[in-house]
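Q: I'd like to learn how to read the features of a fold. Could you walk me through one?

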Amino acid sequence: MWQQKSFEKEGQQSVLYLVPTPIGNLEDISYRALRILKEADIIAAEDTRNTRKLCNYFEIETQVISYHEHNKQTSGKQMIERLLSGQTIALVSDAGMPTISDPGFELVQEALEERIPVIPLPGANAALTALIASGLVPQPFYFYGFLQRSAKEKKKELEKLKRMEATWIVYESPHRLKDTLKHMREVLGNRNIVLCRELTKKFEEFIRGTIDEAQIWALENEIRGEFCLIIEGAEFVEEQTEDVWWQSIEPAEHVQYYIDEKQLSSKDAIKQTAIDRGLQKRDVYHAYHVMENQPNG
């Protein structure tokens with residue numbers, strides 16, 4: 001066990017500061033964040049170009065070095081060496097909280113292994129900013145981050161999330177939004193959702209409604225900006241005493257199991273799968289026949 005007393009030797013020890021940066025509106029940065037960025041020996045940034053723009057705006061002259069997903073092993077080792085030599089580092093991402101769907105977690109772990117204090121600053125975060133204005137129940141909530149890109153993996157993730165009673169949050173890029181909404185409708189049904197885009201910026205928007213309405217909006221409007229999606233939790237589901245054997249497979253595979261192993265007709269297999277999963281029969285029917293009609297190989 002290691003008990004970190006963050007300010008016991010303030011000014012006399014190396015520190016890794018985690019500094020949130022504005023997600024859009026530069027006025028959201030704190031006085032303390034500006035002070036830390038100015039006083040640090042170096043600023044470790046996900047994108048040095050973006051961070052230099054921020055530094056130039058606030059007249060911060062601290063050296064900015066690169067730390068991102070593709071160089072984190074070599075750059076991380078160099079930063080640990082700097083910290084061990086007595087330097088102070090401020091870690092920032094492009095926008096928002098370091099390590100939250102952004103690089104930094106490994107560096108935090110490596111610093112703690114060396115007993116280097118890691119001190120977080122409070123600040124801007126897209127997920128919480130969107131949640132408190134969504135109109136959906138704000139607590140409990142579950143933050144998931146980005147869903148997988150492939151349809152198969154995305155559906156598996158949604159199958160796990162759909163039974164969660166808490167409000168949950170995901171991030172999504174503009175060019176994948178339509179596809180994600182389609183998969184959400186197939187897996188979750190037509191529950192309430194809020195699409196939040198361009199948070200804190202001039203064109204900030206909250207699109208509140210059902211998944212069906214969100215799909216229509218996405219078809220009729222130009223989709224721009226990063227999105228934060230706030231999704232209504234599931235209604236209370238009584239805990240099952242037996243393991244849910246089908247949780248890790250697709251609805252179509254679930255149907256095929258009943259056909260192959262239980263000798264049910266496709267109609268009865270679809271009906272039973274819909275009951276098991278709490279889905280509409282037409283949604284299971286569609287999922288099964290789409291798979292059935294896909295070419296082999």
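Q: Let's start with strand pairing. How many bridges join strand β7 to strand β10, and do the two run parallel or antiparallel?

A: The general idea is that strands of a sheet pair through backbone hydrogen bonds, either parallel or antiparallel. One thing to keep in mind is that this is a predicted model. Here, β7 (residues 167-172) and β10 (residues 227-231) run antiparallel and are joined by five bridges. You can pick out individual pairs along the way: Y171 stands opposite C228 of β10, and W168 has I231 as its bridge partner in that strand.

Q: Which residue of β10 does I193 stand opposite?

A: I193 faces I231. That pair belongs to the antiparallel pairing of β8 with β10, which is made of five bridges. Put this together with the previous answer and I231 turns up twice, as the partner of W168 and opposite I193.

Q: In what order do the strands of that sheet lie, and how is the pairing described?

A: Read across, the order is β6-β7-β10-β8-β9, an open sheet of five strands with mixed pairing. The edges are β6 (141-146) and β9 (205-210); each has a single partner strand, so one side of each lacks a neighbour in the sheet. Neighbouring strands are turned by 20 degrees against each other on average, direction ignored.

Q: And β10 itself: how many of its residues are buried?

A: A handy rule first: in a regular strand the side chains alternate between the two faces of the sheet. In β10, five of the five residues are buried, so the strand is largely enclosed by the rest of the structure. Look at the faces separately and you find F227, L229 and I231 on one side, with C228 and I230 on the other, and they are all buried.

Q: Which helix lies across this sheet, and at what angle to β10?

A: That's α5 (residues 126-134), which runs at about 50 degrees to β10. The strands this helix lies across are β6, β7, β8 (192-197), β9 and β10.

Q: What about the loop between β8 and β9: which residue is worth a look there?

A: Try E198, which is found in that loop. With a relative accessible area of 19%, E198 counts as buried, because the cut-off for that is under 20%. Setting aside neighbours within four places in sequence, E198 is in contact with F203, E204, G225 and E226.

Q: Now the sheet containing β1 to β5. What is the strand order, and is the pairing parallel or antiparallel?

A: The pairing is parallel, and the five strands make an open sheet in the order β3-β2-β4-β1-β5. At its edges stand β3 (63-66) and β5 (118-120), each with a single partner, so each has one side without a neighbour in the sheet. From one strand to the next, the twist averages 25 degrees.

Q: Where would I look for a pair in this sheet, and which helices pack on it?

A: Go to β2 (residues 42-45) and β3, which pair in the parallel sense over four bridges; there, I43 stands opposite V64 of β3. Helix α2 lies across β2, β3 and β4 (89-92), at about 160 degrees to β3. Helix α3 (residues 72-84) packs on the sheet too, touching β1 (16-18), β2, β3 and β4, and its direction makes about 140 degrees with that of β3.

Q: On to empty space. How much lies in the largest pocket, and what lines it?

A: The largest pocket holds about 870 Å³ of space. It is lined by 32 residues, of which I23, D94, A95, G96 and E226 are the closest to its centre. Two or more lining residues come from each of α2 (48-57), β8 and β10, and α2 gives the most, with four. The lining divides into 15 nonpolar, nine polar and eight charged residues.

Q: How many cavities of 30 Å³ or more does a search of the whole structure find?

A: One. The largest cavity has about 60 Å³ of space, and its lining divides into seven nonpolar, three polar and one charged residue. Among the lining residues are P20, D28, I29, L121 and G123.

Q: To zoom out, how many helices and strands does the protein have?

A: Eleven helices and ten strands. Of its 297 residues, 44% count as buried.

Note on methods:
Residues numbered from 1 in each chain as written. Predicted model: local features only at pLDDT ≥ 70, side-chain atom pairs only at ≥ 80, totals over all residues. Heavy atoms only, no water. Pairing = 2+ DSSP bridges. Axes fitted to C-alpha atoms, helices over the stretch in contact; angles between N-to-C directions. Contact = heavy atoms within 4.5 Å. 1 Å grid on protein atoms, 1.4 Å probe; cavity = no way out; pocket = protein on both sides within 12 Å on 5 of 7 lines; lining within 4 Å. Points joined across faces, edges and corners; volume = space filled by probe spheres on them. Nonpolar A, V, L, I, M, F, W, Y, C, P; charged D, E, K, R; others polar. Buried < 20%, exposed > 50% of the residue type's maximum accessible area, 1.4 Å probe, protein only.
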